[in-house]
Amino acid sequence: METGLDLANRFRDVIINGKWIANTNFKEQLTGTSLEMATSVLGSANSIAVLAQHIHYYINGLNTVFNGGTLDIKDQYSFDFRPLQTQEEWDYFLTTFWNHSETFANHVQSMSEATLSQVFVAEKYGTYRRNIEAMIEHSYYHLGQIVLLKKLVLQKNETL
């Protein structure tokens with residue numbers, strides 16, 4: 001069974017610095033990405049920025065619980081964000097995303113086996129471990145979308 005440190009490192013792999021599973025991570029894909037690319041919309045797909053904000057929304061929501069707060073995040077609001085208007089807003093969001101991700105990883109890293117096995121907020125949500133693993137898997141799902149969207153946006157811009 002994975003320890004808190006193992007789970008934290010898997011989370012860091014997908015968000016901050018890993019290459020193990022997808023040969024990339026959120027930070028590598030988003031750092032240096034212009035606001036124009038991040039907010040480009042192709043058909044009915046979410047933009048890169050919205051997908052990144054969506055993952056951050058869940059990370060932040062779990063961090064609140066890890067800090068002793070309540071679980072206030074709701075799926076129905078997980079794609080509702082004020083549009084980013086400037087490169088500075090996008091860059092600030094990214095800095096916040098990395099900081100909150102490292103906070104999340106530090107929380108997970110410090111969790112004992114007993115904590116990882118405890119019920120997360122309510123029985124219907126399963127254990128802390130289950131929610132942390134879901135966050136990792138959910139992040140990989142959207143990382144794949146971001147990689148594809150970047151390629152499609154670049155391809156679209158090359159044909160213009």
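Start by selecting helix α1 and everything that packs over its hidden side: the cover over the buried residues of α1 includes α2 (26-30), α4 (48-66), α5 (87-109), α6 (113-116) and α7 (128-159). Keep in mind as you explore that this is a predicted model.

**Stop 1: helix α1 itself**

Now hide the neighbours and keep residues 4-17, which make up α1. Look along the helix for a kink of about 30°, centred on F11. Next, colour the buried residues of this helix: G4, L7, A8, F11, R12, V14, I15 and I16. So F11 is worth a second look, because its relative accessible area is 0%, which makes F11 buried.

**Stop 2: a ring partner for F11**

Which residue forms an aromatic pair with F11? Bring back the whole structure, where a search finds 10 aromatic pairs. In one of them, F11 is paired with F104. The two ring centres are 4.3 Å apart, with 40° between the planes, and the pair is tilted. Trace the chain from one partner to the other: F11 sits in helix α1 and F104 in helix α5, 93 residues apart, so this pair links distant parts of the chain. F104 is buried too, with a relative accessible area of 0%.

**Stop 3: a second pair of rings**

Select F66 and Y128 next. Is this pair stacked or tilted? The ring centres lie 6.1 Å apart and the planes meet at 25°, so the pair is stacked. Here again distant parts of the chain are linked: F66 belongs to helix α4 and Y128 to helix α7, 62 residues apart. F66 counts as buried at 15% relative accessibility, and Y128 is buried with a relative accessible area of 14%.

Now show F11, F66, F104, F120 and Y128 together, and you will see a cluster linked by ring pairs.

**Stop 4: α1 beside α7**

For the last stop, display α1 and α7 alone. Two packed helices are described by the angle between their axes and the distance between the axes. The axes of α1 and α7 come within 9 Å and cross at roughly 15°. That angle is under 35 degrees, so α1 is roughly parallel to α7. The crossing of α1 past α7 is left-handed.

Finally, show the side chains where the two helices meet. From α1, pick L7, R10, F11, D13, V14 and I15. From α7, pick R129, I132, E133, M135, I136, S139, Y140 and L143. Notice that F11 turns up again here, among the α1 residues that meet α7, after serving as the centre of the kink and as a ring partner of F104.

Technical notes
Residues numbered from 1 in each chain as written. Predicted model: local features only at pLDDT ≥ 70, side-chain atom pairs only at ≥ 80, totals over all residues. Heavy atoms only, no water. Bend = angle between axes of the 7 residues up to and from the residue. Helix = DSSP H or I, 4+ residues; strand = E, 2+ residues; numbered from the N terminus. Buried < 20%, exposed > 50% of the residue type's maximum accessible area, 1.4 Å probe, protein only. Contact = heavy atoms within 4.5 Å. Phe/Tyr/Trp six-rings, centres within 6.5 Å; stacked < 30°, edge-to-face > 60°. Axes fitted to C-alpha atoms, helices over the stretch in contact; angles between N-to-C directions. Parallel < 35°, antiparallel > 145°, perpendicular 65-115°, else oblique. Left-handed = near helix turned anticlockwise from the far one by under 90°.
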